[in-house]
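Good morning, and thank you for joining. I shall go through one structure, beginning with its interior and ending with its DNA.

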Number of protein chains: 2
Amino acid sequence: MSTPHSKENTATITALPKELELFQGCSPSFIKQLKQSASRSHHDKGHLIFVSDDEAHSLYIVISGWVKLFRETLDGTEAVIDVLNDNHFFGEHALFNNGVHEYSAETADKTVLLSIPLNLLKRELQQNPDLSFNFLKALAQKQHIKEREIEQRSIQSTAQRIGCFLLRLTKQDGKKSAQIHLPYDKTLIAARLGMQPETFSRALSKLKQSTNIEVRGSTVKIEDVEKLVNYTCSMCSHSFPCEDLEKDKA
Amino acid sequence: MSTPHSKENTATITALPKELELFQGCSPSFIKQLKQSASRSHHDKGHLIFVSDDEAHSLYIVISGWVKLFRETLDGTEAVIDVLNDNHFFGEHALFNNGVHEYSAETADKTVLLSIPLNLLKRELQQNPDLSFNFLKALAQKQHIKEREIEQRSIQSTAQRIGCFLLRLTKQDGKKSAQIHLPYDKTLIAARLGMQPETFSRALSKLKQSTNIEVRGSTVKIEDVEKLVNYTCSMCSHSFPCEDLEKDKA
DNA sequence: CGAGGGTTTGAAGTGCATCAAATAGTGTGG
DNA sequence: CCACACTATTTGATGCACTTCAAACCCTCG
């Protein structure tokens, strides 16, 4: 699992990505501490970051790449909880329970991570209402997304779930057609959407027939976005575009 | 939907339930404010508390009874997000988005609610790290539960999901057998577990055959808890008993 | 060029949903 | 306290969606 140049830590980092809403409004002194104690690491695809029940020391922020969060049963069946990219964080559960991870995490592509020591973060959270509020907001948002995920898996068909996934990757520029690039391999997308790779393949074909999309490898051309919306969103409680969700993803 | 004596508000309440971890560590002055501005209301079964996209004014805490949280699609299909009882809160999303509810809420039984004004809460959250931390903890826990829910719905059979539901209602007293009472009607349990009532009924029969349980109305006698655990938890990534989950539920 | 993983396709099976109808259970007014 | 009305629950029959197992294909990368 471990890859050649994993954990190429640089003890200090020069800058936090400025887009990190999570730390907006934090004091300069805390930011300085962060920069001193956070570390960056580079990983190839397939690197196991931690496994469920591991003792947790850091919260991780994805700087670039993709990270798969998952749980697995005794018999090896795997359930993908989420797949994260830039500016998303994970491992935060350990702040509030007894300090162990609740799921496993693995890179799904070449990935750069920022590790932030939990003890530093916890201390600051207990003192700094701004940071806490940022976190609260992020957690509430995550929770909402999970709730929608549950909803989707129970009332949408596999083809509709794929349609929804595609639409969330689509820029909202008012154009009739759009072209997108699947962010990671189809097997992982399938797992992320709670279906088998075979089912994914077949459901995508069905979607092609029904909604005028073209698929070539990992490139998807949506001829008529509205047609896809009609097909996809009829079984969804939200109306398209799904305003608030994953606005910063992909 | 509205029932006779809904909204029997008493402008002030005499005491917050002392079990409310959420407000542990808050200043006496804030608690006093809370008592002045929070209100209690009594509702019969079937009272619609708010609907998705309603403007939100309060966070609600269940004092007694049961509340169903759900979303529905255009065609009327309903997805149950959660069913809450004592000491659980809902409506908190509105603190962090533009102040509208993300789901609908309805009482599933005779229920007493405590309503806490969002603006008061938000102000305090932005000043009081202790309160924020309590909330963070609660949200992280909720998120974890949602993640497990997603896992369960994708890899457990209907009978196993029911078994899991039963086990979570079971007191962990080391006895071989146990007797429990279903907290709300089977149709709602089915919806809560993401299946049809017919499927619930059949899956429960299957469970009876496989694990020596007896069902009479809403009373369930589990002859051999371990047998049920074996049947149920084999497809779960957690080992029984599911330590941290819903420890205070039902 | 060949190896290996990702992806597609085929055939068959299974679990759950759906529709329909019977039965049990609960609260109501008489 | 009983009969009725209405809802909750069960049961049966059938269909469809997704899974599973197997095999072929494709594509990338050494």
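**Core, symmetry and DNA surfaces**

The largest nonpolar core has 115 residues, and those with the most contacts inside it are A:Val67, A:Leu136, B:Val67 and B:Leu136. A nonpolar core here is a set of buried Ala, Val, Leu, Ile, Met, Phe, Trp, Tyr and Cys residues joined through C-beta atoms within 7 Å. A residue is buried if 20 or more other C-beta atoms lie within 10 Å of its own, exposed if 12 or fewer, and partly exposed in between, with C-beta atoms placed from the backbone. In soluble globular proteins, nonpolar side chains tend to be buried together.

Please note that this is a predicted model, in which local features need pLDDT of at least 70 and side-chain atom pairs count only at pLDDT 80 or more, while totals for chains, interfaces and linings use all residues. Residues are numbered from 1 along each chain as its sequence is written, and chains are lettered from A and ligands numbered from 1 in the order in which they are written.

What does A:Val67 touch, not counting residues up to four places away in sequence? Its partners are A:Ile49, A:Val62, A:Leu84, A:Phe90, A:Ala105, A:Thr107, A:Ala108 and A:Thr111; contact requires C-beta atoms, placed from the backbone, within 7 Å.

Let me turn to the two copies. Chain B superposes on chain A by a rotation of 180° with 0.0 Å of shift along its axis, at an RMSD of 0.0 Å; the fit is by least squares on the C-alpha atoms of residues with pLDDT of at least 70 in both. That is the relation of a two-fold axis. The same surface serves both copies, since 98% of the contact residues of chain B recur in chain A.

Now the DNA. DNA strand C is surrounded by 16 residues, the closest being A:Asp185, A:Lys186, A:Ser201, B:Ser157 and B:Thr199; a residue is near a strand if its C-beta atom, placed from the backbone, lies within 6 Å of it. Helix 6 of chain A gives the most to this surface, with five residues; helices are DSSP runs of H or I, at least four residues, numbered from the N terminus.

Around DNA strand D there are also 16 residues, of which A:Thr199, B:Asp185, B:Lys186, B:Thr187 and B:Ser201 come nearest. Here helix 6 of chain B gives the most, with five residues.

Terms used
Two residues are in contact if their C-beta atoms, placed from the backbone, lie within 7 Å. Helices (H or I, at least four residues) and strands (E, at least two) are DSSP runs, numbered from the N terminus.
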